[in-house]
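Reader: Please take a close look at one part of this model, the strand pairing, and describe it in a connected way. Add whatever context helps to place it.

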Amino acid sequence: MSTTADHKLAAQRPHLREPDRIRGLLDAVMSLGRGLELPQVLRGIVEAAVTLTDAEYGALGVVGDQQKLSEFLTVGMSEELEARIGRTPCGRGILGELIRNPVPLRLTDLSRHSRSYGFPPNHPPMRTFLGVPVRVRDEVFGNLYLTEKRGGAAFDEDDEAVLTTLSIAAGVAIDNARIYHESRRRERWLEALGEITRSLLSGTAAGEVLHLIAERAMEVASADHAAVLLPGGQAGAGPELLTVEVAHGHGASRIDGLAVPADGSLAGLAARSGRPVASSDVREDPRAHPMEAGEEHDDDLCGPTVSVPLQIDAGASGALRLSRLAGRPAFDDTEVKLISGFADQAAIALELARRRAESEDLAVLHDRDRIARDLHDLAIQRLFATGMTLQSATRLIDRPEAAERVGRAVGDLDTTIQIIRSTIFGLRATGDGTSGPSLRRSMAETAQAAGRTLGFPPSLRIEGPVDTNVPGELAEQVLAVAAEALSNVARHARARRVEVVLSVGDEVTLTVTDDGAGLPDRRDAGPRHSGGLANMRSRAELHGGVFSVTSPAAAGGGTRVSWSAPLPE
């Protein structure tokens, strides 16, 4: 009689458990529906599956490229046990069977299956098995794996039905989490683009903006490394090379300033083709070029990489390169599109900044031209007229000393006119600092530097179109002679006043005059003089010019260095 009662109780037990299981399944579906963050949703799926089927171990494998598992999330194993087991499975054996044939699979002893691959060392023993695919919009996202039903029983049809129902709800929850993730990611991209655009329009230097582009792109793409590569940009680098202008993140210091071939690298391929280039692992990609010294041997640095074109101007294109550490998921198609759009918008922002800078430079040039016209048409004409009036009035002055003072005033006006004309040439010169060095500006810097040694600023007067008519090589000679002459004054002359005059007509002429100790016992510098004087003489002779050192005729002595060379035709 007790045996009959036991049979009746055993027959009733599944029916008694069924309402609880249905309520548990409904609770799990509702809980999954409320989840928005994908990692939490995936873990909730595995935990619900283990609870509803009385399984000891559960896992969810995400199917990635080449039909391999890109992620493997487990429940039931401690972190210490997972660490002892080591590398997560990639999808061989029984796990791969579900990838190849995505239909529910129940086994009472998985070791007897023809596809069984065995377990790695330190892995707990497992016998019973239940697996079902998880589909998202008719696409297999991954598989749910359960092993070791508690109590030693095998998984039955009810377990399979519950797990299949849960997998359907899981597909919907994963899809919702993906949509939410995409919207949040796009929002972060837009915020980053807005920050870059604001930074550019506020006048931030382009170099700082490139750093910001690399930093923000790395953050929103969840990358570990970012680099901006520009054409050339390095001494000796040409259009066939791309130079790392900015590096940010893991290992950035090792590649900053590195030049990579435009033909034979992912970044070069993206720059030349104008299309994004992605690699799931640069270590195994023949198109890739090692960015760091020894990158091919550095497993924690190589990994998934994407390079997208970064248009610099109409004739040149660089690249934005993002990488993840080895073992991390590859960049998916959506991420590649977002990164490409980010680079396109960043390039537009850089172009706007460049156009704005050109507009500001043009406004400065127009203003300088207006000032030059005003000086020429107003100031010089009034000074010239004043000088003519004073000069004509000299004949009416009876006292010689008064006439002499008026004559000196007329001379001072002539000197002032020359200074203003020199300023006008400077305002209209093309050497604005963007197209090359300016001789006028460099002469001013040389005089300023000499003033710190002399103890007082030398007088500097520049006459004629020095920036337009003096070629670069001859300008270098003029600067070297000026620096040497001023250095000699500081070392030997004990002068209280120094005048530097640079003029350009048919030839370029430089004179440096001081009121110091003068030349001892000789009127002209010969070849036996100091090495500095010999160097100045040789610089003049190199360009067919003339060099001399004399004492000024004015009382008080001193020294005058004269250097001149003809301008090339």
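Author: T243 has A259 of β8 as its bridge partner. This is a predicted model, and the pairing belongs to an antiparallel match of β7 with strand β8 (residues 259-261), made over 3 bridges. Strand β7 (residues 241-249) also pairs with β6 (residues 225-231), again in the antiparallel sense, through 7 bridges. One of the residue pairs between β6 and β7 is H225 with G249. Strands of a sheet pair through backbone hydrogen bonds, either parallel or antiparallel.

Another sheet can be described in the same way. Five strands form an open sheet of mixed pairing, ordered β12-β13-β14-β16-β15. Its edges are β12 (459-463) and β15 (546-550), each of which pairs on one side only. On average, neighbouring strands of this sheet are turned by 10° against each other, direction ignored. At the β15 edge, 5 bridges connect β15 to β16 (residues 559-566), and the two run antiparallel. Within that pairing, S548 has S562 of β16 as its bridge partner.

Helices pack on this sheet too. Helix α10 (residues 439-454) touches β12, β13 (498-504) and β14 (507-514), and its direction makes about 165° with that of β12. Helix α12 (residues 472-493) touches β13, β14 and β16, with its direction at about 10° to that of β14.

As for the setting, the protein contains 13 helices and 16 strands. Of its 569 residues, 42% are buried. Among contacts between residues at least 6 apart in sequence, 61% join residues at least 24 apart.

Terms used:
Residues are numbered from 1 along each chain as its sequence is written. This is a predicted model: local features need pLDDT of at least 70, side-chain atom pairs count only at pLDDT 80 or more; totals for chains, interfaces and linings use all residues. Side-chain values use heavy atoms; hydrogens and water are left out. Helices (H or I, at least four residues) and strands (E, at least two) are DSSP runs, numbered from the N terminus. Buried means under 20% relative accessible area, exposed over 50%, partly exposed in between (1.4 Å probe, protein chains only). Contact means heavy atoms within 4.5 Å. Two strands pair if DSSP finds at least two bridges between them. Axes are lines fitted to C-alpha atoms, for helices over the stretch in contact, and angles run from 0 to 180 degrees between N-to-C directions.
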